[in-house]
Amino acid sequence: MHVTCRFVYSRVMPVTKRRLNVTLDVAYAAKLAKLAQRTHVNEGTLARSLLSQALDEADPDPRHAAALLDGLPGAFDRAQQGLEDAKAGRTISLDDL
C-alpha cells in the first residue's frame with residue numbers, strides 16, 4: 001500500500017509542478033494508446049500534452065464551470081452516488097489513505 005506524505009511532497013516538489021493521476025475508461029485509454037503509437041510518443045507525455053491544451057482552452061470564468069461539469073458524462077449520477085455513500089458511511093477518511 002502506498003501512502004502520500006504531504007510533508008515530503010510539499011517540500012520536495014516545486015509549486016509549479018503537481019502530480020495528478022487520471023484514470024481513463026477503456027475506450028479513452030485505447031484511443032490514447034493508439035494516438036501515442038501513431039505519433040511515436042509515450043502515452044503519459046501525450047496525455048500530459050492533451051490535458052495541458054484542454055486546460056489552456058478552458059474558460060476560467062466560474063459561470064461556465066457548471067456547464068463544463070454538466071458536460072461530463074455521468075458526472076451528476078456519480079456525485080449523487082458519492083453523497084449516498086457518504087451518508088451511509090461508505091467512505092474512507094483522508095487521514096486513513
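1. Which glycine follows H5, and what is the sign of its phi? That residue is glycine 89, and its phi is positive, near 80°. Before going further, keep in mind that this is a predicted model.

2. Now H5 itself, which covers residues 75–87. With 13 residues at 1.5 Å a residue, H5 should span 18 Å, and its end C-alpha atoms are indeed 18 Å apart, so the two figures agree.

3. Helix H2 can be looked at in the same spirit. H2 runs over residues 26–39, which makes 14 residues. From first C-alpha to last, H2 reaches 20 Å, close to the 20 Å expected at 1.5 Å a residue. Just after H2 comes histidine 40, with a positive phi of about 55°.

4. Next, have a look at how H2 meets H3. Their axes lie 9 Å apart and the helices pack at an angle of about 105°. Angles of 65 to 115 degrees count as roughly perpendicular, so H2 is roughly perpendicular to H3.

5. Who makes that contact? On the H2 side you'll find Leu32, Ala33, Leu35, Ala36 and Thr39. H3 brings Glu43, Leu46, Ala47 and Leu50. Sorted by character, the residues of this contact come out as 7 nonpolar, 1 polar and 1 charged. A handy reminder while you browse the helices: an α-helix has 3.6 residues a turn, so residues three or four places apart point the same way.

6. Then there's the largest pocket, which holds about 1400 Å³ of space. It is lined by 26 residues, and the closest to the pocket's centre are Val22, Leu24, Ala47, Leu50 and Leu51. Two names should ring a bell: Ala47 and Leu50 also belong to the contact of H3 with H2.

7. Where does the lining come from? H2 and H3 (43–57) are the elements that give two or more residues to the lining of the largest pocket. H3 supplies the largest share, 8 residues. As for character, the lining divides into 15 nonpolar, 5 polar and 6 charged residues.

Methods: Residues are numbered from 1 along each chain as its sequence is written. This is a predicted model: local features need pLDDT of at least 70, side-chain atom pairs count only at pLDDT 80 or more; totals for chains, interfaces and linings use all residues. Side-chain values use heavy atoms; hydrogens and water are left out. Helices (H or I, at least four residues) and strands (E, at least two) are DSSP runs, numbered from the N terminus. The expected span of a helix is 1.5 Å times one less than its number of residues. On a 1 Å grid over the protein atoms alone, a cavity is a set of points where a 1.4 Å probe fits but cannot get out, and a pocket is an open set with protein on both sides within 12 Å along at least five of seven lines; lining residues have an atom within 4 Å of a point. Grid points are joined across faces, edges and corners, and a volume is the space filled by probe spheres set on the points. Ala, Val, Leu, Ile, Met, Phe, Trp, Tyr, Cys and Pro count as nonpolar, Asp, Glu, Lys and Arg as charged, and the others, Gly among them, as polar. Axes are lines fitted to C-alpha atoms, for helices over the stretch in contact, and angles run from 0 to 180 degrees between N-to-C directions. Angles under 35 degrees count as roughly parallel, over 145 as roughly antiparallel, 65 to 115 as roughly perpendicular and the rest as oblique. Contact means heavy atoms within 4.5 Å.
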